[in-house]
Amino acid sequence: EEEFKWLLQEEVHAVLRQLQDILKEASHRFALPTSGSGGAVKQENFVLSTSGTDQVKGVMTLQGDALCQADVNLKMPRNNQLLHFAFREDKQWKLQQIQDARNHVNQAIYLLMNRDVNYQFKTGLEVLKLMDAVMLQLSRARNRLTTPATLTLPEIASSGLTKMFTPTLPPDILVNFYINLNKLCLTVYQLHMLQPSTTKNFKPAGGSVLHNPGAMFEFGSQRYEVSHVHKVECVVPWLNDALVFFTVSLQLCQQLKDKISVFSSYWNYRPY
């Protein structure tokens with residue numbers, strides 16, 4: 001009983017402080033100014049390319065959760081013609097995955113801090129509920145970075161991203177940016193227009209993170225088939241840090257839950 005009391009009064013608070021420190025570090029990695037701090041977010045440049053091919057190269061400028069500049073060079077396979085596209089100066093592309101992940105981290109921090117300094121936990125169940133709530137937010141934060149959205153090709157074609165470039169993207173080119181784990185990814189789809197007289201069996205592709213050559217879709221009144229897919233990516237070091245912090249925090253939460261559960265099962269099953 002004394003041990004369990006010590007666990008509730010001392011060790012739980014020590015773990016909560018440790019979790020707060022780790023998650024504040026994670027939150028800082030997202031490099032967005034907190035409201036009222038007024039500090040500008042630093043810009044970071046990344047070169048996206050694939051080893052062994054120079055078909056597509058992209059230079060991206062990331063500022064917090066926004067791509068504020070993007071330069072894309074595309075070598076067309078048919079004639080080796082080089083196309084160059086860049087974001088219009090008045091445009092930025094929000095990476096919703098980063099924004100959502102940071103919001104979940106901040107929600108976890110709020111749950112950990114949302115009690116009086118002298119607050120004492122009275123039951124193991126109370127701690128378990130808190131750990132479950134924190135772990136839910138951390139799992140959601142991690143999932144936002146590790147699980148990119150599945151999109152249909154018409155959704156990519158109609159997204160605001162296609163209207164952000166100068167010169168305007170030709171109708172046979174689609175682009176998509178997303179986060180996958182610790183990487184910033186750019187996918188370029190080259191399309192082939194299907195003629196109305198084509199004998200190909202038209203079967204529209206469903207939602208996917210990455211569509212393969214041969215995928216078909218209809219947009220406007222025109223039918224298309226994906227002829228080439230180019231995916232380039234680069235590691236964003238601070239996303240890597242954030243994912244490590246999430247893993248360590250989830251382990252700490254689980255360890256505390258396990259200790260509480262051991263004591264709780266002892267109280268439930270001890271002989272009288």
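These are my notebook entries on helix H2, the aromatic contacts and the salt bridges of a predicted model.

**Entry 1: helix H2**

I started with helix H2, residues 96–113. Does its length fit an ideal helix, or what else does it show? I took 1.5 Å a residue, and for 18 residues that gives an expected span of 26 Å. The end C-alpha atoms are 26 Å apart, so the helix agrees with the expectation.

Next I looked up which residues of H2 are buried. The list opens with Gln-97, Ile-98, Asp-100, Ala-101 and Arg-102. It goes on with His-104, Val-105, Ala-108, Ile-109 and Leu-112. I note that Asp-100, Arg-102 and His-104 are on this list together with Ile-98, Val-105 and Leu-112.

**Entry 2: aromatic pairs**

How many aromatic pairs does the whole structure hold? My search of it gave 6. One of them joins Phe-87 and Phe-177. The centres are 6.1 Å apart and the planes make 85 degrees, an edge-to-face pair. I then placed both rings in the fold. Phe-87 belongs to strand E4 (residues 82–87) and Phe-177 to strand E7 (residues 173–180). The pair therefore ties together parts that are 90 residues apart in sequence. Are these two rings buried or exposed? Both Phe-87 and Phe-177 are buried.

I also checked Tyr-119 and Phe-121. Their ring centres lie 5.3 Å apart with the planes at 90 degrees, so I logged this pair as edge-to-face. The two residues fall into separate burial classes. Tyr-119 has a relative accessible area of 27% and is partly exposed. Phe-121 has 5%, so it is buried.

Which residues make up the aromatic cluster? I found Phe-85, Phe-87, Phe-165 and Phe-177 in one cluster.

**Entry 3: Arg-223**

I turned to Arg-223 for its two contacts. It lies over the face of Phe-202, 4.0 Å from the ring centre. Arg-223 also forms a salt bridge with Glu-218, where the closest N and O atoms are 3.6 Å apart. I looked up accessibility for both ends of the bridge. Glu-218 is partly exposed at 38% relative accessible area. Arg-223 also comes out at 38% and counts as partly exposed.

**Entry 4: salt bridges**

The count for the structure is 9 salt bridges. I took Glu-11 and Lys-259 as one case. Their closest N and O atoms are 2.4 Å apart. What does this bridge tie together? Glu-11 sits in helix H1 (residues 2–29) and Lys-259 in helix H5 (residues 237–269), so the bridge ties together parts 248 residues apart in sequence. Glu-11 has a relative accessible area of 18%; the limit for buried is under 20%, so Glu-11 is buried. Lys-259, at 38% relative accessibility, counts as partly exposed.

A second case stays inside one helix. Arg-29 and Glu-25 both lie in H1, 4 residues apart, which is about one turn of the helix. The closest N and O atoms of their salt bridge are 2.9 Å apart. Arg-29 is partly exposed with 24% relative accessible area. Glu-25 counts as partly exposed too, at 35% relative accessibility.

Last, I followed shared partners. Glu-25, Arg-29 and Asp-241 are joined into one network by salt bridges that share partners.

Technical notes: Residues are numbered from 1 along each chain as its sequence is written. This is a predicted model: local features need pLDDT of at least 70, side-chain atom pairs count only at pLDDT 80 or more; totals for chains, interfaces and linings use all residues. Side-chain values use heavy atoms; hydrogens and water are left out. Helices (H or I, at least four residues) and strands (E, at least two) are DSSP runs, numbered from the N terminus. The expected span of a helix is 1.5 Å times one less than its number of residues. Buried means under 20% relative accessible area, exposed over 50%, partly exposed in between (1.4 Å probe, protein chains only). Rings of Phe, Tyr and Trp (its six-membered ring) pair if their centres lie within 6.5 Å; planes under 30 degrees apart count as stacked, over 60 as edge-to-face and the rest as tilted. A charge sits over a ring if NZ of Lys or CZ of Arg is within 6 Å of the ring centre and within 35 degrees of the ring normal. A salt bridge is a side-chain nitrogen of Lys or Arg within 4 Å of a carboxyl oxygen of Asp or Glu.
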